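Reader: Could you pick one helix here and walk me through it closely? I'd like to know what it packs against, and then hear a bit about the aromatic side chains.

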Amino acid sequence: MGTALVTGGTSGIGLAFARALAARGHDLVLVARDESRLEEVAASLRTEVRAVETLRADLSVRADVQLIADRLSDQARPVDVLVNNAGFGVHWSLTTADMTAWDEAYEVMVRSVLVLAGTAARAMEPRGGGTIINVSSVAGYITMGAYSAIKAFVTSYSESLANELKGTGITVTALLPGWVRTEFHGRAKIRSSSIPSMLWLDSEPLVDACLRDVARGRVLSVPTIRFQVLTWLLRHLPRTVVRAVSRAISSSRRDSLER
Ligand SMILES: NC(=O)c1ccc[n+]([C@@H]2O[C@H](COP(=O)([O-])OP(=O)(O)OC[C@H]3O[C@@H](n4cnc5c(N)ncnc54)[C@H](OP(=O)(O)O)[C@@H]3O)[C@@H](O)[C@H]2O)c1
């Protein structure tokens, strides 16, 4: 089955990808910053027949991204599946003068996605195939600050990469989750109680649905009918309506941010 490299493979959606790909027979390379957690997750997934490697890397640091790119380029140890998943919620004002948070979000969720997917594609091309999954978000279809802009980039970039790689045997899929129960909201200090319970998804069925979409060669994966309807509306409603909805969610979120 080959080897899958998952960034952010120690928690939430990335951990669900790691487990699902291991269950389908892949060896794993897990990437994250917290070394002890990496080792713990690796030990839980490693078996006599399945190798699990760990690479500690902070994807906001370019030298660390290069380390992962070097691993993806190693033709002696081919990586057949790349899951660009690491990321986090951001909600600072767009008029802030301090660019620190933007720089970190840009490095992890834009630049590293571009570098790692490009590197993986160059390594996969001579082998005649491979799978690239970029974890984007439904938030890319609304207008909720830098996070929406970043995820709009990830979706658009993934569609362009799929076009560029058409005919090479390499598939590219952007996964667009809605709200998923992970550590994401706690880390971003967003109280999850502000989000209606019917809109929450679990990582495992989300990832299973995504892997089914990947097998069907779909470029965009939007798991669950609820979010398919929602994204259809977001793509077809007048933008004035989309902006008004975004303003309403943003202001309720501002009120619910933990202080
Ligand atoms: N949860 C949602 O509602 C939701 C919805 C739509 C899209 N998404 C997207 O799904 C992806 C995964 O999020 P999640 O919900 O699973 O969050 P999560 O549970 O907080 O997991 C995030 C993972 O990314 C790793 N990570 C974070 N920053 C990193 C960095 N600088 N370098 C390397 N690894 C880093 C974390 O490990 P370390 O902290 O050890 O580095 C962890 O393994 C993100 O791209 C997010 O934008 C989430």
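Author: Sure, let's start with what sits around helix α7. In this predicted model, the buried residues of α7 pack against α1 (12–23) and a run of strands: β5 (130–135), β6 (170–175), β7 (179–180), β8 (200–201) and β9 (220–221). The residues of α7 that count as buried are S203, L206, V207, A209, C210, L211, D213 and V214. So that list isn't purely hydrophobic by name: buried, meaning under 20% relative accessible area, applies to S203 and D213 too.

As for the helix itself, α7 covers residues 203–215, which is 13 residues. From first C-alpha to last, α7 reaches 18 Å, close to the 18 Å expected at 1.5 Å a residue. Just after α7 comes G217, with a positive phi of about 80°.

Now for the aromatics. Searching the whole structure turns up four aromatic pairs. One of them joins F153 and Y157, and this pair is stacked, with 5.5 Å centre to centre and 5° between the planes. Both residues belong to helix α5 (residues 145–164), where they're four residues apart, or about one turn of the helix. Their surroundings are worth a look as well: Y157 is buried, because its relative accessible area is 12%, while F153 counts as partly exposed, at 29% relative accessibility. Elsewhere, W92, W102 and Y106 come together as one aromatic cluster.

Key. Residues are numbered from 1 along each chain as its sequence is written. This is a predicted model: local features need pLDDT of at least 70, side-chain atom pairs count only at pLDDT 80 or more; totals for chains, interfaces and linings use all residues. Side-chain values use heavy atoms; hydrogens and water are left out. Helices (H or I, at least four residues) and strands (E, at least two) are DSSP runs, numbered from the N terminus. The expected span of a helix is 1.5 Å times one less than its number of residues. Buried means under 20% relative accessible area, exposed over 50%, partly exposed in between (1.4 Å probe, protein chains only). Contact means heavy atoms within 4.5 Å. Rings of Phe, Tyr and Trp (its six-membered ring) pair if their centres lie within 6.5 Å; planes under 30 degrees apart count as stacked, over 60 as edge-to-face and the rest as tilted.
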